[in-house]
Amino acid sequence: MKNKLIQVANDTNSFLKSFIKKQKKSELISAMQYSLFPGGKKIRSKILLDMGVLLKVEYNILIAIGAAVECIHAYSLIHDDLPCMDNDKLRRGKPSTHIKFGESTAVLAGNSLLTMAFEILISSNLKINEKIKVDLVKKLSECSGHLGIAGGQYLDLSFEKKKISKNRIIEMEIKKTGKLFSFCCAVPAIIKRKNSKSIKFFENIGANIGLLFQIADDLIDFKSSSIVAGKKTGKDSKKGKATLISLLGYNNAIKYSNKIKFKIINDLEKYGLNSNNLKKTLDYILTRNK
Ligand code: GRG
């Protein structure tokens, strides 16, 4: 599984490097590249490819769309680390983008990565029909905005140092982290022009994968060392973050994540052996240490 993830990360990075190379140069490019590579597991691209196997979508198309997703993800990490958000100085084992380039450059590099994601989706490099591109742009903007990542981040910050119910924490985590995974899972169904019920089915699987991913991320913050994780750990409890671990406790959070994993596997049962890659990725998500 690790080799496949490395392959996907390399292919996604190659796509991004050649996409950037074809553009005119600007002063922001260094900060944008710094937050895209090296580092970053590119796990969202991997999920996209695993889901693509279920509906038999071409690899190169999925790599290009994964590259767009990774631009949004990199943008969200740059902004997440800013002093006005989580104020983190270390990311992927190196200084956060605003530490390296200054706050204003980091904000602008983040904004530019957001728009680059949409440039990729509508570019001629992506060999799919225009109507599908519009549907992808619509879905990705929905997942990134106030009903998705940005809205989830708002909730995350506003929940600090408050007693928050399980359902509200789940809502926050599904928006903040799950929505980008929902997009990845919906992509193959959008490309294959499936109906809205089927797209919703895949989005729901993505939301659960995102929830699983966020619980694993919180477990890393809880138990791992900063050196291994490549970012500061132990900060959730210091900041009074509302997480499923702070609410349920360590062991119950693990039990809950296994329940979600079982639900995802159950949902994918009809795809038989074709869902094996995804199952291995889920195991990786739960056992990873960074
Ligand atoms: C609207 C895109 C957008 C952003 C503005 C700052 C913000 C609002 C949202 C932050 C969302 C966020 C940082 C969610 C956390 C998700 C998460 C667990 C990130 C870690 O992802 P990994 O482990 O990181 O995949 P790597 O380093 O492997 O890429």
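In the predicted model, Lys 139 and Glu 142 are three residues apart in helix 7 (residues 130-144), and therefore about one helical turn separates them. These two residues form a salt bridge, in which the closest N and O atoms are 3.5 Å apart. The partners differ in their exposure to the surroundings. Lys 139 has a relative accessibility of 14% and counts as buried, because the limit for a buried residue is under 20%. Glu 142, with a relative accessible area of 36%, is partly exposed.

The pair in helix 7 belongs to a wider set of charged contacts, as the structure holds 19 salt bridges. One of the salt bridges joins Asp 80 to Arg 91, with 3.6 Å between the closest N and O atoms. Asp 80 is located in helix 4 (residues 59-81), whereas Arg 91 belongs to strand 1 (residues 90-91), so this salt bridge ties together parts that are 11 residues apart in sequence. Asp 80 and Arg 91 are both buried.

A further salt bridge is found between the side chains of Asp 217 and Arg 288, with an N to O distance of 3.6 Å. Here Asp 217 is part of helix 10, while Arg 288 lies in the segment after helix 15 (276-287); the pair therefore ties together parts that are 71 residues apart in sequence. Both Asp 217 and Arg 288 are buried. Salt bridges also occur in a linked arrangement: through shared partners, Asp 86, Asp 156, Glu 160, Lys 176 and Lys 241 are joined into one network.

A polar contact was also identified in helix 3 (residues 43-55), where Asp 50 is located. The side chain of Asp 50 makes this contact with the side chain of Lys 46, at a distance of 2.7 Å. Asp 50 counts as buried because its relative accessibility is 3%, and the limit for this class is under 20%.

Attention may finally be turned to the surface. Lys 56, Lys 192, Lys 194, Lys 197 and Lys 270 form a positive surface patch. Of these residues, Lys 197 is placed in helix 10 (residues 196-223), the helix that also holds Asp 217. Lys 197 has a relative accessibility of 71% and therefore counts as exposed, since the class of exposed residues begins over 50%. Helix 10 thus contains both the exposed Lys 197 and the buried Asp 217.

Conventions:
Residues numbered from 1 in each chain as written. Predicted model: local features only at pLDDT ≥ 70, side-chain atom pairs only at ≥ 80, totals over all residues. Heavy atoms only, no water. Patch = residues over 30% accessible without salt bridge, like charges linked within 9 Å, V, L, I, M, F, W, Y side chains within 5 Å. Areas by Shrake-Rupley, 256 points an atom, 1.4 Å probe, with all protein chains shown as cover. Salt bridge = Lys/Arg side-chain N within 4 Å of Asp/Glu carboxyl O. Lys, Arg positive; Asp, Glu negative; His and termini not counted. Charge placed at Lys NZ, Arg CZ, Asp CG, Glu CD. Helix = DSSP H or I, 4+ residues; strand = E, 2+ residues; numbered from the N terminus. Buried < 20%, exposed > 50% of the residue type's maximum accessible area, 1.4 Å probe, protein only. Polar contact = N/O pair within 3.5 Å; in protein donor to acceptor, adjacent residues only side chain to side chain.
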